[in-house]
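Q: What is the volume of the largest pocket? Please start there, then go on to the packing of the helices.

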Amino acid sequence: MLLCLLSLFIDPCSPERRSEYKKCIVSFCAIISIIQTLLMIVALGLGGVTLKGNPYIGPDAHTFISMGAKIGYEIKRGQVWRLVIPILLHAGILHLFVNLLAQMRFGLFLERKWGTYNIVLLYFLAGIAGTLYSCLFYPNKVGVGASGALMGLLGAFLAEVVLTWKKTDPRLRKFNLLQCVVLILITLAFGLSGYVDTAAHIGGCVTGIILGTLLFSKEMPLSKKTKLVIMISMASLLIVQYVVVFVLFYTIVKV
């Protein structure tokens, strides 16, 4: 992102490259990254850095709760904005750095490929699903981070790779498939550390796969009627998923 900003004042190499850098600055991924960075600064200003219970170099849980982090009992009391706000918060500097790195490399690549509208849709729907899954499996655990949203982008990319398999160069499609599988497995493996919300990752990834199938089923070599059936099925599955997880959280989960 810094390179993009510098390009406005220093000629990078060509007008075309300069135009690309300008697009990078006004992209959704850049804007959401700036918002997340500013909120991290606010969190550090409010709570400082604690060395107890937070390995990510950030404040304690109480600071994040006051800023809108996911916590089950508050959501059950009606604070539903806590399903969205956690996407903008991060547990510490290390957590923010890792997510912004993925966001500005992988996310920006997908935004250029799919368009801003699709990225915004995928990012927030997957992020909210991740928060809901976290509420279902870890209701009393304070949750923050955009990992569920990023896993949603990865899941959607996996769906695109599979659905456009025959249209893609053999070497490229194998590389993309291997890349998706490895990244998903590595991310889920981090859940074993105890500091990562595996439920949010799974919820985001599953939602991304559903949305990716919905968006890219039109690329499959099938009849229009079959494509329409697939799209309606995926849209229905998406809605059912949200409803089921939400109802289970409110009726079964105790906080």
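A: On a 1 Å grid over the protein atoms alone, a pocket is an open set of points where a 1.4 Å probe fits, with protein on both sides within 12 Å along at least five of seven lines. The largest pocket has a volume of about 1,300 Å³ (the space filled by probe spheres set on the points, which are joined across faces, edges and corners). It is lined by 47 residues (those with an atom within 4 Å of a point). Closest to its centre are His95, Asn99, Ser147, Val196 and His201.

This is a predicted model, so local features need pLDDT of at least 70 and side-chain atom pairs pLDDT 80 or more, while totals for chains, interfaces and linings use all residues. Residues are numbered from 1 along each chain, and side-chain values use heavy atoms, without hydrogens and water.

Now the walls. Helices (DSSP runs of H or I, at least four residues, numbered from the N terminus) shape the lining list. α4 (61-67), α6 (93-114), α7, α8, α9 (170-190) and α10 (198-216) each supply at least two lining residues. By class, the lining has 25 nonpolar, 17 polar and five charged residues (nonpolar: Ala, Val, Leu, Ile, Met, Phe, Trp, Tyr, Cys and Pro; charged: Asp, Glu, Lys and Arg; polar: the others, Gly among them).

Next, the packing. Helices α7 (residues 116-137) and α8 (residues 147-163) pack at about 125°, their axes 7 Å apart (axes are lines fitted to C-alpha atoms over the stretch in contact; angles run from 0 to 180 degrees between N-to-C directions). That makes α7 oblique to α8 (under 35 degrees is roughly parallel, over 145 roughly antiparallel, 65 to 115 roughly perpendicular, the rest oblique). Their crossing is right-handed (the near helix is turned clockwise from the far one by less than a right angle; anticlockwise is left-handed). Ile119, Leu122, Tyr123, Ala126 and Gly127 of α7 are in contact (heavy atoms within 4.5 Å) with α8 residues including Gly148, Leu150 and Leu153. Eight residues of this contact are nonpolar, three polar and none charged.

α7 also packs on α11 (residues 224-251), at about 30° with axes 9 Å apart. The two are therefore roughly parallel. Their crossing is left-handed. From α7 come Leu125, Ala126 and Leu132, among others; from α11, Leu238, Gln241, Tyr242 and Phe249 are among the partners. This contact has 14 nonpolar residues, one polar and no charged. Ala126 takes part in both α7 contacts.

Then α10 meets α11. Their axes come within 8 Å and cross at roughly 155°, so α10 and α11 are roughly antiparallel. This crossing is left-handed. Val206, Ile210 and Leu214 are among the α10 residues here, and Leu238, Gln241 and Tyr242 are among those of α11. The count is eleven nonpolar, four polar and no charged.
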